[in-house]
Structure formats: C-alpha cells, structure tokens
Amino acid sequence: MKIAATRPLPGPAWDELDDVVVGERPDAEILIVMNEPVPFDALPALRLVANFSVGYDRIDVAECRARGIALTNTPGVLDAATADLAMALMLAARRRVVEGDAAIRNGDWPHLVAREVTGATLAIVGLGRIGSAVARRAAGFDMRVIGVRSRQGDLDAALREADIVSVHAPLNDDTRGLISRERLALLRDGATLVNTARGAVIDEDALVDELVSGRIDAGLDVFAHEPRVPEALIGLPNVVLTPHVASSTVETRAAMTRVVVDNVLAFARGEPLPTPVL
Ligand code: DGY
C-alpha cells in the first residue's frame, strides 16, 4: 500500500515498512502522523491514519469517521515513561532542583528550603493507564493518593485536599479547561501542579496568573499552544518546564513505532487493527 509519513519514526520496526514517503504523497492510502491535523482533501485515497501518539486531540476523528478512514494510536507502551516524567516533575518542582542547579551555575550557593514529596497527598486527575502507573510510583513515596475519574464533585474536593495534583486526562470536549480558574483557586497555598497530559486541560492563562503570584508551583511538560510557552513563565523559579517529552525515551519511542508498524501491516493485510481508535 502507499504510505506517507510526516516524519521517519525511531526504532528498528520502522525498517519493516516498504515504500514509505516522508513528506507529501497525494496518492497515500495510509498516513502516519504524530497527533497532527490530517489534510483530508489533499489525500483522496486515504484509508488509515496511524497515529504515533496515544493522544489524538489534533486529529479530526469525526472527519475520519465520515470519510470511512480508520484511525489507530499507541496506547499502553508509554505509560511507564510518562509516569516517570510526572514523578520527575513532582520531585523537581517540590525539591527546587532546577532552581538549585541554576543558582550553582550562576555562582551562587543559596539556602533553599523545599517541600516534601514523601508522605504528600497526591490527587491524580484521570485514573487510566498512565494515572494508575503514577499511583503505583506514588506508593513508593508513601503518598496518599486520591484518584479522580470524573469532572464532577470529587475533583473539587481532591483539589482542595491535595499537596500535589498530577493531570493525566486526555484532551477532549469534556476535559478542555477542566482545571479552570475557579478550580485552580481551590488549590492550597504551596501546592504543586504537574501536567504531562495536554496543556488545554488546564486554563493556561489562569495557571500563569497563579504561578506569577507565587502561590503554587508547577511542573509542566505540555502547553496549550505548543511550541509556544507563555512568556511569563520563562523567568519564574517556581515552575519546571520540559518540551512535551513524557514519552520521549529511546525505549518507549521504539515501542510506539512498533505499535504504529503493527497497525499499518495489519491494515495492509486486511487483518483486525491491534489498537484502533475508530
Ligand atoms: C502522546 O502519545 O499522546 C504523547 O503526548 C506524545 O504526543
């Protein structure tokens, strides 16, 4: 089949695909993307979108459905890497790791007093595969975990109670702006907000205001308008920033490629798709 990809994927499984064009291919039947908008009208023969990402919030699922185009993603293989980065951001933000590093590189030796991670109350917003992997790690830090599945009542209570909030909800119509300005105001003074899910799950303007005030701190891997990061965050000591790298380890990215290739090969053979979204 005729395959196009917006980028070559890392790992050995990639070499199992013949005849992939990286870039434009108007006759493509299969398109491999990384959670990117699909140019449907430019690809009239398109039959499968294979997404190198578990999140597909930038892909028009309704349009895929209307055109009879299948869609796959990469669930399951990036849970550990994403949970690891959530823990890293929690630890870095709470223990002021980046601030200390920057001070030393600047020739300073400040007396930094941080906040504890061990024993903290952790609210996990979105208790799916990744959220559950964070909960397992949190147990090793003797944390008290409050898992929140829905956007109703229990979320507000959890935000009020938590020392640390870690966001793991997918971005969709139900979760866009879920952590609103009003909900951010529920956080305790000195609380830490970690987001490795999608920036738009949080009201980013409100989050910036809270961080600028210094009332809370944060570890952020994702932003509402990537690659743009709100300018106001750049000089703040109370936020640790990473460039959407939660799944970006050699091992996990190779495993994600394996899933993409398995979906493409199954589709080409007319077999059931291993990880269908549609
Ligand atoms: C995912 O898989 O959704 C990661 O955020 C990478 O986009």
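A cavity, in the sense I will use today, is a set of grid points where a 1.4 Å probe fits but cannot get out, and the residues that line it are those with an atom within 4 Å of such a point. With that in hand, let me turn to the structure above, which is a predicted model.

A search of the whole structure finds one cavity of 30 Å³ or more, and the space inside this largest cavity comes to about 40 Å³. Its lining is made by Asn195, Gly199, Ile202, Glu204, Leu207, Leu220, Val222 and Phe223, and when those residues are sorted by class, five are nonpolar, two are polar and one is charged.

Two of the lining residues, Glu204 and Leu207, bring us to helix H7, which runs over residues 204-213. Which residues of H7 are buried? They are Glu204, Ala206, Leu207, Val208, Glu210 and Leu211, and what covers them includes helix H6 (181-184), strand E9 (192-195), strand E10 and strand E11 (239-241). As general background, an α-helix has 3.6 residues a turn, so residues three or four places apart point the same way.

The two ends of H7 can be described as well. At the N-terminal end, Asp203 acts as a cap, with a side-chain oxygen 3.2 Å from the backbone nitrogen of Asp205. Asp203 itself sits in the loop between E9 and H7, and it counts as partly exposed because its relative accessibility is 27%. Asp203 also touches Ile179, Ser180, Arg181 and Leu184, leaving aside residues up to four places away in sequence; in the case of Ile179, which is 24 residues away along the chain, the C-alpha atoms are separated by 6.2 Å. After the helix comes Gly214, whose phi is positive, near 80°.

Let me move on to the largest nonpolar core, which has 32 residues, and in which Val165, Leu184, Leu193, Leu207, Leu211, Leu220 and Leu233 touch the most other members. The elements that give two or more residues to this core are strands E6 (121-125), E7 (144-148), E8 (164-167) and E10 (217-220), together with helices H5 (154-161) and H7, and H7 gives the most, with four residues. To take one member in detail, Val165 touches Ala123, Val125, Leu159, Leu187, Thr192, Leu193 and Val194, again not counting residues up to four places away in sequence.

Strand E10 also holds Gly219. Is Gly219 buried or exposed? Gly219 counts as buried, because its relative accessibility is 0%. Beyond residues up to four places away in sequence, Gly219 touches Leu89, Ala93, Leu193, Val194, Asn195 and Val240. Leu91 lies 128 residues from Gly219 in sequence, and yet the two C-alpha atoms are 9.0 Å apart in space.

Ala93, one of the contacts of Gly219, leads to my last topic, the second largest pocket, where Ala93, Arg96, Arg115, Asp217 and Asn238 lie nearest the centre among the 19 lining residues. The space in this pocket is about 230 Å³. Helix H2 (79-94), helix H3 (97-105) and E11 each supply at least two residues of its lining, and the lining as a whole divides into 10 nonpolar, three polar and six charged residues.

To close, I would come back to Leu207, which is a buried residue of H7, lines the largest cavity, and is among the residues that touch the most other members of the largest nonpolar core.

Key:
Residues numbered from 1 in each chain as written. Predicted model: local features only at pLDDT ≥ 70, side-chain atom pairs only at ≥ 80, totals over all residues. Heavy atoms only, no water. Core = buried A, V, L, I, M, F, W, Y, C linked by side-chain atoms within 4.5 Å. Buried < 20%, exposed > 50% of the residue type's maximum accessible area, 1.4 Å probe, protein only. Contact = heavy atoms within 4.5 Å. 1 Å grid on protein atoms, 1.4 Å probe; cavity = no way out; pocket = protein on both sides within 12 Å on 5 of 7 lines; lining within 4 Å. Points joined across faces, edges and corners; volume = space filled by probe spheres on them. Nonpolar A, V, L, I, M, F, W, Y, C, P; charged D, E, K, R; others polar. Polar contact = N/O pair within 3.5 Å; in protein donor to acceptor, adjacent residues only side chain to side chain.
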